[in-house]
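Welcome! Please take a moment to look over the sequence and the 3D view before reading on.

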Amino acid sequence: MTLRFQPWILVAALVAWASVPAVAQHGAKAATGPDNDTCLACHGDPAAKSDSGRAIGLDADKFHASVHGAIGLACVDCHVDLKKTTDFPHAEKLAPVNCATCHDAAVAAYSTSIHAAARRQTPDSVAATCVDCHSAHEIRSSKDPESRTYPLNLPATCARCHGDPNIIAQGHIRIGNVADLYKDSIHGRAVSKSGLLVAANCTSCHGSHDIRQRTDPASHVFRANIPATCGSCHEGIKTQYDSGIHGSALAAGSTHAPVCADCHTAHDIQRADVTSWRLSVIRECGTCHADKIKTYRDTFHGQVTSLGFVRVAMCSDCHGAHAIFPKTDTRSSVANGHLLETCRTCHPTATAGFAEYDPHADKTNAARNPVLYYAAVFMKWLLIGVFGFFGLHTTLWLPRSYTARRAHDKEMRTS
Amino acid sequence: MSVARNVPMYVRRFDAFDRVLHALLMISFLGLAATGLPLLFSDEGWARRIASVLGSFEVAGWLHRASAALLIVVFLLHLFRVGRRLVFERDWGIIWGPRSMVPQPRDVADLLKHVRWFLGRGPRPEFERYTYWEKFDYWAVFWGMGIIGASGLLLWFPVFFARFVPGWLFNVALLVHGEEALLAVGFIFTLHFFNGHLRPEKFPMDPVIFTGRITVDELKHERPGEYARTAAAGGLDALRTDPPPDWLTRLGFVTGGIAVIIGLFIVGLILYAVLRR
């Protein structure tokens, strides 16, 4: 696995690097207000409550172990309106902490996000702010296994909202409980079961601060950007996809060309050998190739897969999965030069005549499948003829047979 | 000839060989229908349920081929028997004439007379050994065996046959196999059941194909042609036999009843699928 290049990581790292000494100096220079011990005199008890009963305590050790505690940041560096306060206890209502004082790049990125937009639209929105993901007093580096933003912990952090039915309802989150879907996906299992740092977590696809709606062309998950986003890990597959007809169409600006998530889904991505998923891909191909899935379903391959079994040819077995080419392209697995070879992957002793079978024969198309067409017409009229004739025959016979039976029974009784 | 009502006199209509063949035909036909129709209606929920009950399409395919092999054996045994009667017994009467299964002019006349009788405009035709609808049943199955059997073999061994026949023939084979099967299943499970068993005169069923025997009264009433011809030739006594044992009659009713129930159930599923489309 290669490390993925994520521009925001670089930006965040630079900002952090540039701001640490400044903050430290700033902290020392501006420590004109109450020092941390003064604050902790009241707030150092985790169970502390204000007069109105609000929890105001914090765990001093956890604060000291946090990135901010470790560099000796003063409480009033964040709670700036208390810098000049001398009269304690201070007023209960404080100004909100402005993280941008130090983390201006991260906050600038956040301000472009759907979370920020939701808050701008509805000030009391449930949308996440800095502390919802990073916490307030216990913030740790995302490289710290204790951190909420550590790759193996991040899905649980996002799930605090995106897996909570109440918040999903309150926030009108249309995609619903994605945490549940992700949890059972191949990526989710790689994180939770295998502990893979390189497995895609939420931020790998969505970005961290600049999480935008998928309809926003700047979003990592905007339709046209999805192959690049997935390709940041699945580079080899992206190269195949780009070379194929779907990738070319997308590059040419098609809004209909399928992207990774159309077949693989966005959050519920399964291993490629999962039966239910493999069957769903056939249906997915059929959403655009309606005529092809119809003729496929007329064949043994299509009937068996429709019944729920996968040991027969599906779309990708003949056409390829990511590097799909039109039949006229010599690179295509169904081009004349490659067709027999493709049939032979399942039917190893197939001959040239075998490959003349039409896996998408259309019984209504006299030009493409003349014999099949006339056979279908013949069979149709044979069925209509037989059932029509005997249907009428039976309809006439039934009442007559009934009276004959009654007459016979009567005769038997009287004799 | 007068027959005492309390002790009906029986004559033989089908011998044991024919009855066993018919029983094997029933088993293989039901097996083929149950394992083949799910493919033809693969987008139906009931087809998926049958397929999952059977376990896998490999199991269903194996049962289908086993039933097909049985049916092929039945077909060959029948051909062998017909051949023996022609070659060794020189019994040309089975090719043409009143005892023959081959359609002939009198069948057209019988059909027209029968329709007149349906409409109350004439007497019942003087049917012979095989009526025109029985001949249709026979030849429909005969034709169906050829068509479904040949196309089925093509589909069973596609790689082998593709060495001799063009690939498009497999497209035709698959279509014809399915459509012909639909015709056979639809015909047997409705028209054959009605004509042979369910029509009021026979309801609930005619056990003759299981017992092989009918009463002389029945013969006289239903097949007066055969009765008169046999009686005139003095052959009635040769055909005379004991009444069918109770166990055989009961077995016939149970077997036939099960087959009719399965068949009508399958027809119901097909109608449900076809009408929903």
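Here is a short tour of chain B, its contact with chain A, and a pair of domains in chain A.

## Chain B at a glance

Keep in mind that this is a predicted model. Chain B holds 12 helices and three strands. Its C-alpha trace spans about 60 × 40 × 40 Å along the principal axes.

Of the 277 residues in chain B, 32% count as buried. If you look at contacts in chain B between residues at least 6 apart in sequence, 73% of them join residues at least 24 apart.

## Where chain B meets chain A

Next, let's turn to the two chains together. On the chain B side, 38 residues are in contact with 42 residues of chain A. Five helices of chain B each supply at least two residues to this side: H1 (16-40), H2 (45-54), H4 (105-118), H6 (158-161) and H7 (168-198).

H7(B) gives the most, with 14 residues. By class, the side of chain B that touches chain A divides into 25 nonpolar, six polar and seven charged residues.

## H7 and H12 in chain B

H7(B) is worth a second look, as it also packs against helix H12 of chain B, which covers residues 246-276. The axes of the two helices are 9 Å apart, and the angle between them is about 135 degrees. H7(B) and H12(B) are therefore oblique to each other, and H7(B) passes H12(B) in a left-handed crossing.

Which residues bring these two helices together? From H7(B) come B:Val185, B:Gly186, B:Ile188, B:Phe189, B:Thr190, B:Phe193 and B:His197. They meet B:Gly256, B:Val260, B:Gly263, B:Leu264, B:Ile266, B:Val267 and B:Ile270 in H12(B). The residues of this contact between H7(B) and H12(B) divide into nine nonpolar, five polar and no charged.

## Two domains of chain A

Finally, over to chain A. Its domain assignment gives domain 1 (1-111), domain 2 (125-211), domain 3 (224-267), domain 4 (271-356) and domain 5 (369-415). The centres of domain 3 and domain 4 of chain A, taken over C-alpha atoms, are separated by 20 Å.

In chain A, 10 residues of domain 3 are in contact with eight residues of domain 4. On the domain 3 side, H15 (235-243), H16 (245-251) and H17 (260-264) of chain A are helices that each supply at least two residues. H15(A) gives the most to this side, with four residues. The side of domain 3 of chain A that touches domain 4 of chain A has four nonpolar, five polar and one charged residues.

Terms used
Residues numbered from 1 in each chain as written. Chains lettered and ligands numbered in written order. Predicted model: local features only at pLDDT ≥ 70, side-chain atom pairs only at ≥ 80, totals over all residues. Buried ≥ 20, exposed ≤ 12 C-beta atoms within 10 Å, placed from the backbone. Contact = placed C-beta atoms within 7 Å. Nonpolar A, V, L, I, M, F, W, Y, C, P; charged D, E, K, R; others polar. Axes fitted to C-alpha atoms, helices over the stretch in contact; angles between N-to-C directions. Parallel < 35°, antiparallel > 145°, perpendicular 65-115°, else oblique. Left-handed = near helix turned anticlockwise from the far one by under 90°. Domains from an automatic or database assignment.
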